[in-house]
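Hi everyone, thanks for having me. Let me put the structure up on the screen, and then we'll walk through it together.

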Amino acid sequence: MSRLKRLHTVLTTRNSPCDIWLIAAAVALAGIGWVMVSSASIGLLENSFYYFRQHGVFLLISTLGCLFMLSVPLEVWRQNAALIFLISVALLVGVLLFGQEINGSKRWISLPGPLPSLQVSELGKIGLIFYMAMFMSRFTYDLRRRVFTMWRPIAVLALPAGLLFLAPDFGGMVVYTACVIGMLMMSGASLVLLIGSGAVLGFGAVMMVALEPYRLARWTSFLDPWADQFATGYQLTQALIAFGRGHVTGTGLGNSVQKLHYLPEAHTDFIFAVIAEELGMIGAIAIILLFTLLISRAMWIGRKAELAGHLFGAYVSYGICFVIASQAFINMAVSSGLLPTKGLTLPLISYGGSSLLVIGMMIGLLLRVDAETRQRPSRAPTPYKPRHEPRLSK
């Protein structure tokens, strides 16, 4: 028991000014991502260091975004949550009207000058989390006592999800939905209705796949990619070849063959396959463990905030946890052939300015929630109560 106590004393962050394990996991993933983006992008352009420099700039901007979110009190975001959500919805409408169409999907808005394009759906995650956290912290009583209250946030979710459907951005829809369903689960909403809602959404997803030929082709290629390995199954077969070449210890950093114009989007959507090829099973498992540490610390920060009565910060943490977890799982599952091909980046690792900026902001929010929970005294939760209460008889 004394050894366990000493180990707990070494690992705990109770007496630390911040959650050092969260920072360590985020920094480790970002560092590995910078190295792997540099490795995966070699040979794509004449200037081999272009993506190395660009990714470094994106990491710097992401760090500034993290520090900005860390410096702003959570009460500011709570009071302006509805406005931020409306702005994010307006941006999703704007990208449908004025956005760039790449690979048949409108997801980016061009910025003037040398600035990179902005992926609006990434910024929309912040607005969605703020609004849902504000709603759930205010109506905690109703969510736990009145089962049909949960339909209100699901109805709100339908607006950005519908806009993503029109883009189309099916992967973004899945991440948004997983975020809201996860937050509702953590708020204490009825599991029966959540399961029923999940079944309805699952049926809708099946119908979406069946009604669109390109989605149906992706699904059939996912089930048997080798049947059409030079067309619909090309990306997945090349990714599986990368996994096969990596074995246990990998081919060595920089020695990937699949990144040399065989595997499309090797530095973004399929960077996990390059990691598996160059670093092997050991490197792939290390990435999974780092994400597990990051997600568990985010969940622990949310739990501590909830126990202290800081409900808005708790639900913000839960929302961030489910966004990172769902996006990381989908990306790695797609690369390894467990899910159909979707255009989602691997958080903190894949190349992409918008993704890195938003993830940096999310890490800053988690650190802010942790800081306010440590510095402010605990208080009992004050859930919203119904306006009309029964009168006591005289």
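I'll go through the core, then the aromatic rings, then a buried histidine, and end with the sheet.

One thing up front: this is a predicted model, so keep that in mind as we go.

Okay, the core. Here's the general idea: in soluble globular proteins, nonpolar side chains tend to be buried together. In our model, the largest nonpolar core has 101 residues. Which of them touch the most other members? That would be Trp77, Phe130, Leu184, Phe291, Leu294, Met362 and Leu365. As for helices, H14, residues 311–335, gives the most to this core, with 14 residues.

Let's zoom in on Leu365. If we skip residues up to four places away in sequence, Leu365 touches Met69, Leu74, Trp77, Ile126, Phe130, Val316 and Ile320.

Trp77 is on that list, and it takes us to the aromatics. Searching the whole structure turns up 12 aromatic pairs. One of them is Phe68 with Trp77, an edge-to-face pair with 6.2 Å from centre to centre and 75° between the planes. Are the two partners buried or exposed? Trp77 has a relative accessibility of 13%, so it counts as buried, since the cut-off is under 20%. Phe68, on the other hand, is partly exposed, at 46% relative accessible area.

There's also an aromatic cluster made of Tyr50, Tyr51, Phe58 and Tyr351. And here's another ring to look at: the charged end of Arg152 sits over the ring of Phe139, 4.8 Å from its centre.

Now, the histidine. His55 is part of helix H3, which covers residues 50–71. How much of His55 is accessible? Its relative accessible area is 0%, so His55 is buried. What does His55 contact, leaving aside neighbours within four places in sequence? The answer is Gly33, Trp34, Val37, Ile349, Ser350, Tyr351 and Leu356. You've already met Tyr351, as a member of that aromatic cluster.

Last stop, the sheet. It's an open sheet of three strands in the order E1-E2-E3, paired antiparallel. E1 (100–102) and E3 (118–119) are at the edges, and because each has a single partner strand, one side of each has no neighbour in the sheet. E2, residues 105–109, is joined to E3 by two bridges, and Ile109 stands opposite Leu118 in E3. Finally, helix H5, residues 81–98, packs on this sheet and touches E1 and E2, with its direction at about 110° to that of E2.

That's my tour, thanks for listening!

Notes: Residues are numbered from 1 along each chain as its sequence is written. This is a predicted model: local features need pLDDT of at least 70, side-chain atom pairs count only at pLDDT 80 or more; totals for chains, interfaces and linings use all residues. Side-chain values use heavy atoms; hydrogens and water are left out. Rings of Phe, Tyr and Trp (its six-membered ring) pair if their centres lie within 6.5 Å; planes under 30 degrees apart count as stacked, over 60 as edge-to-face and the rest as tilted. Buried means under 20% relative accessible area, exposed over 50%, partly exposed in between (1.4 Å probe, protein chains only). A charge sits over a ring if NZ of Lys or CZ of Arg is within 6 Å of the ring centre and within 35 degrees of the ring normal. Two strands pair if DSSP finds at least two bridges between them. Helices (H or I, at least four residues) and strands (E, at least two) are DSSP runs, numbered from the N terminus. Contact means heavy atoms within 4.5 Å. Axes are lines fitted to C-alpha atoms, for helices over the stretch in contact, and angles run from 0 to 180 degrees between N-to-C directions. A nonpolar core is a set of buried Ala, Val, Leu, Ile, Met, Phe, Trp, Tyr and Cys residues joined through side-chain atoms within 4.5 Å.
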